[in-house]
Amino acid sequence: MASEEELIKAIAELDEDRALEIVQELSDKMAALDIINIAREGMQQVGDRFAAKEYFLADLIFSAEIFQEIMKKLEPKLAVTDKSQYKGKIVIGTVKNDIHDIGKNIVVSLLRAAGFEVVDIGVDQPVEKFVEAVKSEQPQVLGLSGLLTIAIEEMKNTINAIETNGLRKNLKIIIGGGPMDETVRDYVGADASTQDAVEGVNMIKEFID
Ligand code: B12
């Protein structure tokens, strides 16, 4: 039986066939969410190797493909609740100049599985698109995703625009992604921050309940 370490290693070494084989094996004995978290560790290692100039952009792109294939296998296993009565509405997107969306897509899947209506406006979205979406969709929560350090300034701009358009009153804002901690939350003026999808979904549940 394959181990968690083997999955991390297969992803870190960009061995797609082995990674998918291990995911298949692990999914018989482990919850989909736990496997996603293990796979994330593998992606972290890919990122570290890229930062160390051991991997190139093509390797990052390939790692994203591997993760997406893993998600295809695991998504059907995420619990799905009855969607006839939505519990609340969330608008989510990745801010301008940032095209990372794997983490955001996991958050979207988890929120939908938990019975929330999610309007996903996609990646690289300028401030105006977030303002438009909040105006037209009137969500209870806005989620901003970003993995690049430069996303922080865009998040601040986005939240400022939401405020100057008078849209903040009944809206909670959560930011998520690798660089998003409490210091960044304070700086950009969000209500919550997280580097973990499950924690994020729990925070959103608390906002809406
Ligand atoms: C895959 C990847 C890519 C793929 C992305 C494909 C895609 N469709 O997303 C591609 C190849 C496109 C890419 C491009 C680049 N990348 Co890149 N990438 C990564 C990598 C290896 C993995 C990211 C990932 O998907 N992780 C797995 C997911 C599941 O985890 P996650 O994203 O953290 O998401 C979780 C949480 O953060 C949270 N979450 C995320 N969003 C939200 C939102 C809300 C509302 C909530 C509640 C929660 C939440 O939930 C998720 C699940 O738990 C990271 C390494 C790393 N350490 O993150 C680098 C990394 C993010 N990339 C980096 C860089 C530098 C780049 C490029 C600039 C490279 C280049 N020279 O062109 C470009 C930038 C492109 C752009 N304009 O955005 C750097 C960022 C450095 C920085 N601090 O700014 C990193 C950290 C790598 C490194 N160590 O150098 N990248």
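1. Strands E4 and E5 (residues 192–194) run parallel and are joined by 3 bridges. Within this pairing, Ile-175 has Ser-193 of E5 as its bridge partner. The connection between the two strands goes through helix H8 (residues 182–188), and this β-α-β crossover from E4 to E5 is right-handed. The model under discussion is a predicted one.

2. Strand E4 comprises residues 172–176, and 4 of its 5 residues are buried, so the strand is mostly covered. Besides E5, strand E4 also pairs with E3: the two are parallel, with 5 bridges between them. In that pairing Gly-143 is placed opposite Ile-174 of E4. From E3 the chain reaches E4 by way of helix H7 (residues 151–164), in a β-α-β crossover that is right-handed.

3. Strands E1 and E2 form another parallel pair. E1 covers residues 89–94, E2 covers residues 117–120, and 4 bridges join them. Opposite Lys-89 stands Glu-117 of E2. Helix H5 (residues 102–113) lies between the two strands in the chain path, and E1, H5 and E2 together make a right-handed β-α-β unit.

4. The ligand contains cobalt. Which protein atom serves as donor to the cobalt atom? The single donor from the protein is NE2 of His-100, at 2.3 Å. His-100 is located in the loop between E1 and H5, and the β-α-β unit described in point 3 is built from E1, H5 and E2. The cobalt donor therefore sits on the connection from the strand E1 to the helix H5.

5. Helix H5 also holds Ser-109. Is Ser-109 buried or exposed? Its relative accessibility is 14%, so Ser-109 counts as buried. Setting aside neighbours within four places in sequence, the contacts of Ser-109 are with Glu-75 and Leu-78.

6. Pro-139 occupies the loop between helix H6 (127–137) and strand E3 (141–145). Because its relative accessibility is 7%, Pro-139 counts as buried. Its C-alpha atom is separated by 5.2 Å from that of Ile-90, although the two residues are 49 apart along the chain. Beyond the neighbours within four places in sequence, Pro-139 is in contact with Lys-89, Ile-90, Val-91, Val-134, Asn-170 and Leu-171. One of these, Lys-89, is the residue that stands opposite Glu-117 in E2.

7. Two residues deserve a look at their backbone angles. Lys-53 is not a glycine, yet its phi is positive, at about 65°. Lys-53 belongs to the loop between helix H3 (32–51) and helix H4 (57–74). With a relative accessible area of 67%, Lys-53 is exposed.

8. The other residue is Asp-124, whose phi is near 55°, again a positive value in a residue other than glycine. Asp-124 is in the loop between E2 and H6. Its relative accessible area is 35%, so Asp-124 is partly exposed.

9. On the overall fold: how many helices and strands does the protein have? The secondary structure comes to 9 helices and 5 strands. Along the sequence the pattern is α-α-α-α-β-α-β-α-β-α-β-α-β-α.

10. On overall dimensions, the radius of gyration of the protein is 18 Å; a compact globule of 209 residues would have a value near 17 Å, so the two agree. The C-alpha trace spans about 55 × 45 × 25 Å along its principal axes.

11. On packing and surface, 46% of the 209 residues are buried. When contacts between residues at least 6 apart in sequence are considered, 69% of them join residues at least 24 apart. The exposed area of the protein is about 10700 Å², of which carbon and sulfur atoms supply 50%.

Terms used:
Residues are numbered from 1 along each chain as its sequence is written. This is a predicted model: local features need pLDDT of at least 70, side-chain atom pairs count only at pLDDT 80 or more; totals for chains, interfaces and linings use all residues. Side-chain values use heavy atoms; hydrogens and water are left out. Two strands pair if DSSP finds at least two bridges between them. Helices (H or I, at least four residues) and strands (E, at least two) are DSSP runs, numbered from the N terminus. A crossover is right-handed if, with the strands pointing away from the viewer, the path from the first strand over the helix to the second runs clockwise. Donors are N, O and S atoms within 2.8 Å of the metal (3.2 Å for Na, K and Ca); water is not among the atoms, so sites may look incomplete. The radius of gyration is taken over C-alpha atoms; the globule rule is 2.2 Å times the number of residues to the power 0.38. Buried means under 20% relative accessible area, exposed over 50%, partly exposed in between (1.4 Å probe, protein chains only). Contact means heavy atoms within 4.5 Å. Accessible areas come from the Shrake-Rupley method with a 1.4 Å probe; for residues, only the protein chains shown count as cover.
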